[in-house]
Every structure is written in structure tokens, then in C-alpha cells.
Amino acid sequence: PIAIISASRRITEKIITTMYDKHFANEKPFAMRIIALQKSNYITHDMSNLAHTVKAFGNKASHPNETVFTKRK
């Protein structure tokens, strides 16, 4: 599952970056590229939400040691 999540994030980033570079000249981080594409109506709000979700899960899968668990009573 971790490999699939990580690969999904890489594919999503490649798609977003390709679309972004086609319409914009300046460099921005991945999250800002998603926002710029959505605000310019190149992708829908739902597509933007999905891209952000894939990005977040991909980041968690790539950096599992950064997760902090706390015990609830």
C-alpha cells in the first residue's frame, strides 16, 4: 500500500506540474500549483481536493516516522 500511495503522489505531481507549466511561467511548490490551477479554472474544485488528498497521503507514506501517536484515555 505504501508504494501505491507514493506512486500515486508522484503521478499526481507530474500531472499537476505538466498542466501548471503549460499555463504559468513562475515556479511554485506543489500545493500552490494545485491552488493556482483551480483558481484559474484549469481544474475543478473536486480535482483540487483530490490532488491535495493524494499529496497529503503521499507525504505521510514517504515520511512515516514523522507521525506522532498519542494515547487517549
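Welcome to the tour: helices α1 and α3 are oblique to each other, a label for angles from 35 to 65 or from 115 to 145 degrees, given that angles under 35 degrees count as roughly parallel, over 145 as roughly antiparallel and 65 to 115 as roughly perpendicular. What you have open is a predicted model, in which local features need pLDDT of at least 70, side-chain atom pairs count only at pLDDT 80 or more, and totals for chains, interfaces and linings use all residues. Residues are numbered from 1 along each chain as its sequence is written, and side-chain values use heavy atoms, with hydrogens and water left out.

**Stop 1: the whole protein**

Start with a cartoon view. You should find three helices and zero strands, which follow the pattern α-α-α along the sequence. Helices here are DSSP runs of H or I with at least four residues, strands are runs of E with at least two, and numbering goes from the N terminus.

Now switch on the surface. The protein exposes about 5,700 Å², and carbon and sulfur atoms supply 60% of that area; the areas come from the Shrake-Rupley method with a 1.4 Å probe, and for residues only the protein chains shown count as cover. Of the 73 residues, 25% count as buried. Buried means under 20% relative accessible area, exposed means over 50%, and partly exposed lies in between (1.4 Å probe, protein chains only). Contacts, meaning heavy atoms within 4.5 Å, tell you about the fold too: among those with a separation of 6 or more, 36% join residues 24 or more positions apart.

**Stop 2: α1 against α3**

Go back to the pair that opened the tour. α1 and α3 pack at an angle of about 135 degrees, with their axes 8 Å apart. The axes are lines fitted to C-alpha atoms, for helices over the stretch in contact, and the angles run from 0 to 180 degrees between N-to-C directions. The crossing of this pair is left-handed, a term used if the near helix is turned anticlockwise from the far one by less than a right angle, with right-handed used if clockwise. To see who touches whom, select I2, I5, S6, S8, R9, T12 and I16 of α1 together with A51, V54, K55, F57, G58, N59, A61 and S62 of α3.

**Stop 3: α1 against α2**

Next, select residues 30–39, which form helix α2, and look at α2 beside α1: the angle is about 55 degrees and the axes are 10 Å apart. α1 and α2 are therefore oblique to each other, and their crossing is left-handed. On the α1 side, the contact is made by R9, T12, E13, I16, T17, M19 and Y20, and on the α2 side by F30, R33, I34, A36 and L37.

Zoom in on T17, which lies in α1 (residues 2–23). Is T17 buried or exposed? T17 counts as buried, at 18% relative accessibility. Its side chain reaches the backbone oxygen of E13 at 2.8 Å.

Move along α1 to D21. D21 is partly exposed, with a relative accessible area of 43%. If you draw a distance from the C-alpha atom of D21 to that of R33, 12 residues apart along the chain, the viewer should show 9.2 Å.

**Stop 4: α2 against α3**

Now select residues 45–62, helix α3, along with α2; their axes come within 9 Å and cross at roughly 170 degrees. That makes α2 roughly antiparallel to α3. The residues to highlight are F30, A31, I34, I35 and Q38 of α2 and H45, S48, A51, H52 and K55 of α3.

Take S48 of α3, which is buried, with a relative accessible area of 3%. Which residues does S48 contact, leaving aside its neighbours within four places in sequence? They are I34, Q38 and I43.

Q38 of α2 is partly exposed, at 24% relative accessible area. With the same neighbours set aside, Q38 is in contact with I43, T44, H45 and S48. The C-alpha atoms of Q38 and S48 are 6.2 Å apart in space, and the two residues are 10 apart in sequence.

**Stop 5: the loop between α2 and α3**

Finish in the loop, where you will find N41. N41 is exposed, with a relative accessible area of 66%. Its phi is near 65 degrees, a positive value in a residue other than glycine.

T44 is found in this loop as well, and T44 is partly exposed at 43% relative accessibility. A polar atom of the T44 side chain lies 3.1 Å from the backbone nitrogen of M47.

How values were computed: A polar contact is a pair of N or O atoms within 3.5 Å; within protein, one must be able to donate a hydrogen and the other to accept it, and residues adjacent in sequence count only if both atoms are side-chain atoms.
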